[in-house]
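The following report describes a single protein chain, moving from its core to its side-chain pairings and then to its loops. Please read it alongside the sequence and the model.

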Amino acid sequence: MSTPTPEDRTRASAERILEGSARKGRLRRLLPFLGPAFIASIAYMDPGNFATNISGGAQFGFMLLWVILASNLMAMLIQTLSAKLGIATGKNLAEHCRERFRPRVVFMMWILAEIVAMATDLAEFLGAALGFYLLLGVPLWVAAILTAVVTFLILSLERYGFRPLEAVISAFVGVIAVSYLVETILSRPPLGQVLFHMVVPQLKGPESALLAVGILGATVMPHAIYLHSSLTQSRVVVREPRQLRRLLRFEIADVTIAMGVAGFINMAMLIMAAATFFTQGLTSVGSIEEAHKTLEPLLGKAASWVFGVSLLASGLSSSTVGTMAGQVIMQGFIRRRIPSWIRRLATMVPSMVVIAMGLDPSRTLIFSQVVLSFGLPFAIIPLVMFTQNRDVMGVLVNRRVTTVIGWATAVLIVALNLYLLYQTFAGG
């Protein structure tokens, strides 16, 4: 008799809890269900967020904290809908699109999703390479090779099931969270101002409005929506209505905790930049390299080192998750699957070209976020359409209020991204 894997033990424990036969404390009942949202949440703290939040804090202090709070609440809703789609149907978002839309539309959606996945991977791979570059002082091309090797090793954990990979990604989330807790303590922000700007919306001129739109509009990453529905589609499979509802409640807890941590990290990025750069009049600090260089004389060597560690953890974990999302997109839309290492090599090419050409990594990160904006409507709108359909969702169909909020969120995010694209190409 073979030894049960961590995946087998997690499924068995989850099934006993859903059946009501396991007598455990509240926390122990929750543990088997934690994981999918933590993997998806990496998209909300990737290197692209570093650049946006640092720029926002350096230019406008704590003013835009409310934007991060609002965007995080929207992200919680979208990720809950994505997870619910996988739980209710046993299929991911890309598979539903393939089954319910015309072949030409599906092909167009697949091509766009692949471009978005490559743009995502560009930002994440460059971020990890920057982390190695800033911490080790090696040339950027060497840092890129180190990034490739480490992400290959992390992706190899997939052969052992979902639990080891979830554990590693969750550990990376923990590293980023602890790093920014340290950064926040070192920067000693005024708590009164922090709390005030978290709940009181304010803007100051067109530049702050544009930056707010950038933070809010680029919050929900298309690849994370596709991925989360895949992570829940076969993790714990139940069909009895009462168990489905219980499973959804556990998944909502997973999303709330994971996205809460992601929100804290994004706020901590902006708080650190505001307390360190804005208060010193260093409002021009806008790139990751500048932030790392400037932290040491202001807060000490430990602060710059911790910043580098958090960037490296963000880049490595998000790059791994980006490759996973690419696999889901290809399998879902066109029923094709290639080995992870081949996809990893293919998506490395744009990053290596950027490094070889000597392009500014931070500006490239920002450009990649603009590309992501094109893919958002094609993920969010189908997601709300499917989750409001009782024939698709069964007992887990959206309540009317959820559907209304979902459509309002989708319209707002799409409108903000269109506005961001207009400002970008119109020159502000």
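A nonpolar core is taken here as a set of buried Ala, Val, Leu, Ile, Met, Phe, Trp, Tyr and Cys residues joined through side-chain atoms within 4.5 Å. The model is a predicted one, and in it the largest such core has 127 residues, with L64, L93, Y180, Y226, F333 and I380 being those that have the most contacts inside it. Helix α13 gives the most to this core, contributing 18 residues. One of the residues just named, L64, is in contact with G56, Q202, L203, S208, L211, A212, I215 and L270, when its neighbours within four places in sequence are left aside.

**Overall make-up**

The chain holds 20 helices and 0 strands. Of its 428 residues, 58% are buried. Among the contacts in the chain with a separation of 6 or more, 83% are accounted for by residues 24 or more positions apart.

**Helix α12 and its contact with S82**

Helix α12 is mostly covered, since 12 of its 12 residues are buried; the buried residues include I225, Y226, H228, S229 and T232. Y226 also appears among the residues with the most contacts inside the largest nonpolar core. The length of α12 can be checked against its residue count: at 1.5 Å a residue, its 12 residues should span 16 Å, and its end C-alpha atoms are 18 Å apart, which agrees. The expected span here is 1.5 Å times one less than the number of residues in the helix.

Where does S82 lie? S82 belongs to helix α5, which covers residues 65-89. With a relative accessible area of 0%, S82 is buried, the cut-off for that class being under 20%. The side chain of S82 reaches the backbone oxygen of I225 at 2.6 Å. Leaving aside neighbours within four places in sequence, S82 is in contact with I225, H228, S229, T232 and L383, and I225, H228, S229 and T232 are among the buried residues of α12.

A second serine, S55, lies in helix α4 (residues 47-60) and counts as buried because its relative accessibility is 13%. The side chain of S55 is joined to that of Q59 by a polar contact of 2.8 Å.

**Salt bridges and an aromatic pair**

The count of salt bridges comes to 2, and they are set out below.

| Salt bridge | Closest N to O distance |
|---|---|
| K91 and E99 | 2.9 Å |
| E166 and R235 | 2.9 Å |

In the salt bridge between E166 and R235, the pair links distant parts of the chain, with E166 in helix α9 (residues 162-187) and R235 in the loop between α12 (222-233) and α13, 69 residues apart. Both E166 and R235 are buried. In the other salt bridge, K91 is partly exposed, with a relative accessible area of 30%, and E99 is partly exposed as well, with a relative accessible area of 40%.

The count of aromatic pairs comes to 4. In one of them, the rings of F33 and F250 have their centres 4.1 Å apart and their planes at 5°, so the pair is stacked. This pair, too, links distant parts of the chain: F33 is in the loop between α2 (26-30) and α3 (36-41), whereas F250 is in helix α13 (residues 241-276), 217 residues apart. F33 and F250 are both buried, and the helix that holds F250, α13, is also the one that gives the most to the largest core.

**Two arginines with positive phi**

Most residues other than glycine have a negative phi. Against that background, two loop residues may be noted. R188 has a phi near 50°, a positive value in a residue other than glycine, and its place is in the loop between α9 and α10 (191-199). R188 counts as exposed, at 73% relative accessibility. R335 likewise has a positive phi, of about 55°, although it is not a glycine. R335 is found in the loop between α15 (301-334) and α16 (340-357), and with a relative accessible area of 59% R335 is exposed, the cut-off for that class being over 50%.

Terms used:
Residues are numbered from 1 along each chain as its sequence is written. This is a predicted model: local features need pLDDT of at least 70, side-chain atom pairs count only at pLDDT 80 or more; totals for chains, interfaces and linings use all residues. Side-chain values use heavy atoms; hydrogens and water are left out. Rings of Phe, Tyr and Trp (its six-membered ring) pair if their centres lie within 6.5 Å; planes under 30 degrees apart count as stacked, over 60 as edge-to-face and the rest as tilted. Helices (H or I, at least four residues) and strands (E, at least two) are DSSP runs, numbered from the N terminus. Buried means under 20% relative accessible area, exposed over 50%, partly exposed in between (1.4 Å probe, protein chains only). A polar contact is a pair of N or O atoms within 3.5 Å; within protein, one must be able to donate a hydrogen and the other to accept it, and residues adjacent in sequence count only if both atoms are side-chain atoms. Contact means heavy atoms within 4.5 Å. A salt bridge is a side-chain nitrogen of Lys or Arg within 4 Å of a carboxyl oxygen of Asp or Glu.
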